[in-house]
Amino acid sequence: MENPYLPNLAKIENVIEEVPGARAIKTFKLSFNDEKLQQSFEYEPGQCAMVSILGLGECFFALSSSPTQKGFIEVSVLKLGKVTAALHQKEIGEDLAVRGPYGNGFPVEDWEGKKILCIGGGIGQAPLRSLIKYVLDNRDKYEKLDVIYGARSSSDLCYKKEMFDMEKREDMDVHLSIDNAEEGWDRFVGLVPHNLTRIKPSAKNTIAITCGPPVMIKYVLLSLKELGFEDSQIYTTLEMRMKCGIGKCGRCNIGNLYVCKDGPVFSWAELRQVKGEM
Amino acid sequence: MSEFEPNIVAFLCNWCSYAGADLAGTSRIEYPPNVKAIRVMCSGRINPMFIVNALQEGADGVLIGGCHPGDCHYSQGNYYARRKFQIMRKILEYLGIDPARVRMSWVSASEGQKFADVISEVIGDVKKIGPAKNINRI
Amino acid sequence: MADLAKMRNEIKKIVQRDDVKYVIGYEKGTYGWRVSPSFARTPEEVDKFIFSPLCVNNLAVYLVLEEKLPLPKGVEEEKKKIGIVVTGCDSRSVVQLLQEKAISRDDVVILGVPCSGVVEPKKMKEMFGKEIGTVAIEDKGEKYVIVIDGKRREVLKEELVSENCKTCEYQNPVISDILIGDEIKEKKKESYSKVRELEEKSTQERWDYWKEKFERCIRCYACRNCCPVCNCKECMAEKTTPVWIRRSVSLSENAGFHIMRSLHTAGRCIGCGSCERVCPMNIPLSKLYKKVEKDVIELFDYRAGLDEEEKPLLSVYSVDDSNEYIL
Amino acid sequence: MRKDRIGKLVQILSRNTLYAPVERDGVTTFEKVEKVEDIKFDYQNSDVPPKNVLFPQTETTFKYTLGKDQKIEVPKENGKNIILGIRPCDARSFSILDKVFEKDFLDIYYSEKRENTTLIGLSCNEPGINCFCTSLDGGVGNKEGLDMLLTALEDEYFVEVATDKGKAIIENSPDLFSDASDEHAKKKDEINKRAESLMKRRISVEGIEEKLDKIFDDDLWNEVSMKCIGCSVCTYLCPTCHCFDIQDEATLREGRRIRVWDSCSNPEYTLQASGYNPRPARINRVRNRIYHKYEYYPKNFKVIACVGCGRCIDKCSVNMDIVEVLSRVKEI
């Protein structure tokens, strides 16, 4: 019988320092020590995994790599609590314990033939990165791809190099922003919702996916509504304090939905129905 | 059967008792090696939970070392420590944890010999009552 | 005991004041002998208020329980007083809170009621646990007259009254804005007989006694949450960096928790006995806290919750403190 | 079965790990027993529900060694358990818990124990004053979740077998049991009926889910949560509360990952590392407890997560009364 609580050891293959400073972000590239498991580990964009340091504790992270990339998984970690701080101390070659994948992931198949609009802020870009990579690897199945992404400052931008590379691509549009003006920044300055209203993407045949801090999501929603998006066209991926990751331990509920199992991806139409605290 | 060798954790204040322990070492005064010294800035800094945690983690005895009354580097830290210690000692005794396991001592920087004597006395007392098992973590 | 009509009148006057948010008192509970804390914002709600020996909750806890959530921009905090009904021991809790600056004197209106002892719910449950009907109780000195659904019974006070009340030295509120009812003249003396009984046993016997109790603890933290002086925003028992008490429920951690709590309430616990009363596992916590109280008196001649100007026990010292047992 | 044979039955059953109600210092809990003398049969209901047998308060999920070669090891548990004297409401709680522990991901720690445990119930002849199981599809002689049910008659126990596991017990010691007559069955029905008539508390749960759906933002929740002191008594002692926390406890060399009961009345329960708490105040937490039982759970599993054992009412020191709260919900 499979034990859903039992993690598997995975080696850190690479660590990329995305953001320095107090709210540092690092991306860990992991591969399971058990090769068979690594090959059979399948997931969808937007799904999550429980990553733990034995002796310290577990954390629930969105997988920021795309399932189209084989042989490894990636998680981006914002240094915040006890476990994430310890994770940031870990180096290449050390073992972590991973279990998953958990959650529902984005309904990428339902979205085929549609335009995709990703709106991310800060570390919220992690699950969107997975989606963007997936869409790029299946480019012919989707229409236009827009990525709106912002952070506090240019040094807080996650996946900087990747994003700058993507800006040059022809098959997608990337709109970066930072909150306050900086020398050498010639892109948009302002909050993500403002960037969104400036760009005015069309709501027609479009799915908007947003992830970021709660305040940002709140105003992005308002802007999307103004642009004519229906509730069912808007998706978000949420986070909560989590422990089990499989809908048993109870804490991550929003109403009757468990973020870890029924989410983390919800359409706004779903969320509006629910009676519960977010 | 070999004789029981107790584990003693000693929280020593930086300015007096730790220096006293140092002096005992540099003066080559012999004292039992069962002591694990932890240096703290002042005996007043010792949270009573340090002692509980030490006992939980397998210490058979705990020693708190501070400056003599009136000599505290921070002028009053050891007085506060004394109050806390007196209450703690009484509570532990009442709960059935032998008071010989938690001791306090004033050792100045010049009292290398006293430090060695205190350690010997604490260890001797703990040896008499045997290993601490009451609140050990499993 | 105070006259109920008079008491309600006084409270009504307070509730109607512009600077008072609500008054905390007691109302009849939802079944049998149970009494519930009650919050009155209007004079009509005051009519629900009761006062009887069944009113056991230490209401002072509610002064520090309300969450201070961040307010939306532009909204100012409603700075209004809270009225509270207190008996002798509860009033000492209030003094203790004032002393520690957990609340300020301007925040509260204190309605003192002299108290000749409250009924121990656990004893009540044993005796009348099967009665769901309305229970009225009256203190007649030596006896309680209990009327359940019209049926009248008399019980010796000795059999029902809370253990801590039997030796309560402060039956009259030590602080109050309005005193309702007559002061009680009779003086009782705390003898700590139960504590002494246990003290006289051997170390091993004492450990065996507490071991059995602590093993049972389920760490629901009811003892902590019902306690007015346990008002830390973040309890050390739940801190994760560092972990002082592990989350697992075992003898070691349970004992650690109770040792910690008894130390943290040393010189602050006023002996209302709430913690023991709310414990679902019947751990005799008063026996522990009374011991600490006794030690603090013996060592430092210090009594908690009597003078709001006094400095807390562990934030002062005397050069003449005992050197006993220090090498 | 004659009452005087219970000792023999206990003797036979205790070849497995036998749990039965034991009273100490006025607190009744389910504990491992070997002798019939230790068992308290005339109890109203245990103070701690027997859920801790299948879902212990602290449970090691796995152990590990730290350092260079990290190794993970799962403790094995294969013993057969028997719970004797469990009340029908508590037994019913297991059939409710089954749903959450089995849905989507099978929780092997719970389900293995569930599989290996035989539940022998004991009908309630004297319900407590706060019992309301009859309002929630339960009853003093309800067999849901049980393998076998005993009902105390005057000198005998009336034995009903509900599952194969229960049957096995009879087959293992046939000489202890004899066939019951219609007279016995009639007596048993009478006793049950009498007990149910003694139950004074009642709520009508019909339409409660829809009602709760509408009044999430009602002022009622502010009002009822004022007196909550936020302890975990109601949730820890609830037979259907299943929330837990997962923690690592380790030294530098080795450690274990445990799961331990947690409670939604605890502010840390939902506190995120960023400092944000979706349920920051008592109103949110009190409401969540009631909603989880009466709205979320029915939505997810088609059953109310409450068996009406009355423990949360009995044990609450501030008289937070779920029956009262729900009847006020109905009135709105």
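**Exercise 1.** Which residues in α2(B) meet which residues in α10(C)?

*Solution.* Before we start, note that this is a predicted model.

Step 1: Find the two helices. Helix α2 covers residues 48-56 of chain B, and helix α10 covers residues 251-264 of chain C.

Step 2: List the partners. From α2(B) come Pro48(B), Met49(B), Val52(B) and Gln56(B), and they meet Ser252(C), Gly256(C), Ile259(C), Met260(C) and Leu263(C) in α10(C).

Step 3: Sort them by class. The contact of α2(B) with α10(C) has six nonpolar, three polar and no charged residues.

**Exercise 2.** Work out how the directions of α2(B) and α10(C) relate.

*Solution.* Step 1: Look at the axes, which come within 10 Å and cross at roughly 165°.

Step 2: Compare with the cut-off: angles over 145 degrees count as roughly antiparallel. The two helices, α2(B) and α10(C), are therefore roughly antiparallel to each other.

Step 3: Add the hand, since the crossing of α2(B) and α10(C) is right-handed.

**Exercise 3.** Describe the contact between chains D and C.

*Solution.* Step 1: Chain D gives 34 residues, and chain C gives 34 residues.

Step 2: On the side of chain D, α9 (233-236), β9 (244-250) and β10 (254-261) each give two or more residues. The largest share, three residues, comes from β9(D).

Step 3: By class, this side of chain D has 14 nonpolar, nine polar and 11 charged residues.

**Exercise 4.** Explore the largest nonpolar core.

*Solution.* Step 1: This core has 302 residues, and Ala49(A), Cys118(A) and Ile84(C) have the most contacts inside it.

Step 2: Helix α3 (residues 77-95) of chain B supplies the largest share, nine residues.

Step 3: Zoom in on Ala49(A), which touches residues including Phe61(A), Leu63(A), Ile73(A) and Tyr102(A).

Methods:
Residues are numbered from 1 along each chain as its sequence is written. Chains are lettered from A and ligands numbered from 1 in the order in which they are written. This is a predicted model: local features need pLDDT of at least 70, side-chain atom pairs count only at pLDDT 80 or more; totals for chains, interfaces and linings use all residues. Axes are lines fitted to C-alpha atoms, for helices over the stretch in contact, and angles run from 0 to 180 degrees between N-to-C directions. Helices (H or I, at least four residues) and strands (E, at least two) are DSSP runs, numbered from the N terminus. Angles under 35 degrees count as roughly parallel, over 145 as roughly antiparallel, 65 to 115 as roughly perpendicular and the rest as oblique. A crossing is left-handed if the near helix is turned anticlockwise from the far one by less than a right angle, and right-handed if clockwise. Two residues are in contact if their C-beta atoms, placed from the backbone, lie within 7 Å. Ala, Val, Leu, Ile, Met, Phe, Trp, Tyr, Cys and Pro count as nonpolar, Asp, Glu, Lys and Arg as charged, and the others, Gly among them, as polar. A nonpolar core is a set of buried Ala, Val, Leu, Ile, Met, Phe, Trp, Tyr and Cys residues joined through C-beta atoms within 7 Å. A residue is buried if 20 or more other C-beta atoms lie within 10 Å of its own, exposed if 12 or fewer, and partly exposed in between; C-beta atoms are placed from the backbone. Lists of a residue's contacts leave out its neighbours within four places in sequence.
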